[in-house]
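Trainee: Could you take me slowly through one part of this model, and then show me how that part sits in the rest of the chain? I would like to look closely at the nonpolar core.

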Amino acid sequence: MKLPTTSTAKTLGDWAYLGIEKHLKKILKHEADVLEDRDPEALHQMRVGMRRLRSAVTGFAPALDLPESAQEKQIGKIALTLGKLRDLDVLKEALEKRYKPNLPREEQKVLEKALAYLDKRREKVLEQVRETLHHKSYKQFKQSLKAWLESPKYQAMAQMPIHEVLPDLLLPSVSDLLLHQAWLVGTQAEETEIKPLKNLSHEAVEEQIAIHGEVLHDLRKQTKRVRYQMELFTDFYSPTYTAFLEDIKSIQEILGQIQDSFVLAEFLADALDSETTKNLPTLAKQLAETRYEMWQEWQLLQMRYLNSHIRHSFRSELLLPSKDPINEQVAENTKSFNGIVNSPN
């Protein structure tokens, strides 16, 4: 059986294979560095590889016949363990590099106690990661997926041409995104139009985020799923598709910063056995300011995706993949080259 490459891939099964191969390779590349705890970036890349692999397995499910040890549920368990350690690294970097340098000396000393607490917690979580990566279930996951890549098994749908099924793959997750209730957070209905509340005070923004924080965080998770899936197929679509993808990334990052500020505050309360505003008033104010700034950015994108024309354009773009992205790119490059050669200037 001839295995697909980027230049020969034509079917749904071919692209499923390439996605799984790419993400597994990334996971295995960083495994040793994670076990040795050499570099936080290696952990980040391995975690991203796991998440993208999970998205690929889920997104290409109609085409795949994977072994039980390499199913989405098992991948999710591994990713969750890596995520716990990565979250602590993100906290530490934010505290040390973003916030600590801007605090008064007294608050820096308080923060050092929290950082010491974080280091102890990280040691425990690192041991959990090592146990996971040494466990037989993880070894079975790797071995079974490597074996599958050597001799892949598919469902019947795998033989469908990729350009014919791309809309069916992408539209369900994008529909879930566009129908998410978080789009209505901090809005009001004006006749038949939904509009975000404007010029909210700092206190009003804090109230909105406190009430709807979980819903906003859930939207962030959905944007991540959509992003990972859309990134697999940028070669099949126009620059308009890429522009929508950039919006998705921005939404994920903005909502991520809002969520991270709450996680950081909760961690500090746990580490110091007190409210952040009591022992770290300057830091608490900085976190609130970050949330307020991110809320302004969120509202811009919120207004954009509450617009019916934008939503229709997004859906319509997904319906129009090119049949042969490689040949079309060659044709486009040739056209551009001829334009330059034939230019009167």
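Mentor: A nonpolar core is a set of buried Ala, Val, Leu, Ile, Met, Phe, Trp, Tyr and Cys residues joined through side-chain atoms within 4.5 Å. Please keep in mind throughout that this is a predicted model.

With that definition in hand, we can turn to the largest nonpolar core, which has 96 residues, and in which Phe-141, Phe-233, Leu-283 and Phe-314 are those with the most contacts inside the core. The largest share of this core, 14 residues, is supplied by helix H8. As a general background, nonpolar side chains in soluble globular proteins tend to be buried together. Leu-283 is a good residue to select on your screen: when its neighbours within four places in sequence are left aside, Leu-283 is in contact with Leu-95, Tyr-99, Leu-103, Glu-107, Leu-111, Leu-264 and Leu-268.

To place the core in its setting, consider the chain as a whole, which has 12 helices and 2 strands. Read from the N terminus on, the elements run α-α-α-α-α-α-β-β-α-α-α-α-α-α. The C-alpha trace spans about 65 × 60 × 50 Å along its principal axes, and of the 345 residues of the chain, 46% count as buried. Among the contacts in the chain with a separation of 6 or more, 79% are accounted for by residues 24 or more positions apart.

Let us return to helix H8, which covers residues 239–272 and includes Asp-247. Asp-247 counts as buried because its relative accessibility is 13%, and the cut-off for that word is under 20%. The side chain of Asp-247 makes a polar contact of 2.6 Å with the side chain of Arg-304. Not counting residues up to four places away in sequence, Asp-247 touches Leu-301 and Tyr-305 as well as Arg-304.

A second polar contact can be followed from helix H7, where Arg-227 has its place. Arg-227 has a relative accessibility of 16% and therefore also counts as buried. The side chain of Arg-227 makes a polar contact with the side chain of Gln-252, at 3.2 Å. Once the neighbours within four places in sequence are left aside, the residues in contact with Arg-227 are Arg-52, Leu-245, Ile-248, Lys-249 and Gln-252.

From these buried residues we can move to the two strands. Strand E1 (residues 187–190) and strand E2 (residues 193–196) run antiparallel and are joined by 4 bridges, with Gln-188 standing opposite Lys-195 in E2. The hairpin that they form has 2 residues between the strands, and Glu-191 is found in that loop between E1 and E2. Most residues other than glycine have a negative phi. Glu-191, however, has a positive phi of about 60 degrees although it is not a glycine. At 82% relative accessibility, Glu-191 counts as exposed. A little further along, in the loop between E2 and helix H7 (202–231), lies Asn-199, whose phi is near 55 degrees, again a positive value in a residue other than glycine. Asn-199 counts as exposed too, with a relative accessibility of 78%.

Finally, let us look towards the beginning of the chain, at helix H1. The 25 residues of H1 (residues 12–36) should span 36 Å at 1.5 Å a residue, and because the C-alpha atoms at its ends are 38 Å apart, the expected span and the distance in the model agree. H1 nevertheless has a kink of about 40 degrees, which is centred on His-30. Just after H1, Asp-37 takes a positive phi of about 55 degrees.

Two lysines in helix H3 give you distances to trace back towards this part of the sequence. Lys-77 is found in H3, which covers residues 72–99, and with a relative accessible area of 49% Lys-77 is partly exposed. The C-alpha atoms of Lys-77 and Ala-16 are separated by 21 Å, while these residues are 61 residues apart along the chain. Lys-84 is found in helix H3 as well, and Lys-84 is partly exposed with a relative accessible area of 45%. Between the C-alpha atoms of Lys-84 and Lys-22, which are 62 residues apart along the chain, the separation is 24 Å.

How values were computed:
Residues numbered from 1 in each chain as written. Predicted model: local features only at pLDDT ≥ 70, side-chain atom pairs only at ≥ 80, totals over all residues. Heavy atoms only, no water. Expected span 1.5 Å × (residues − 1). Bend = angle between axes of the 7 residues up to and from the residue. Pairing = 2+ DSSP bridges. Buried < 20%, exposed > 50% of the residue type's maximum accessible area, 1.4 Å probe, protein only. Polar contact = N/O pair within 3.5 Å; in protein donor to acceptor, adjacent residues only side chain to side chain. Contact = heavy atoms within 4.5 Å.
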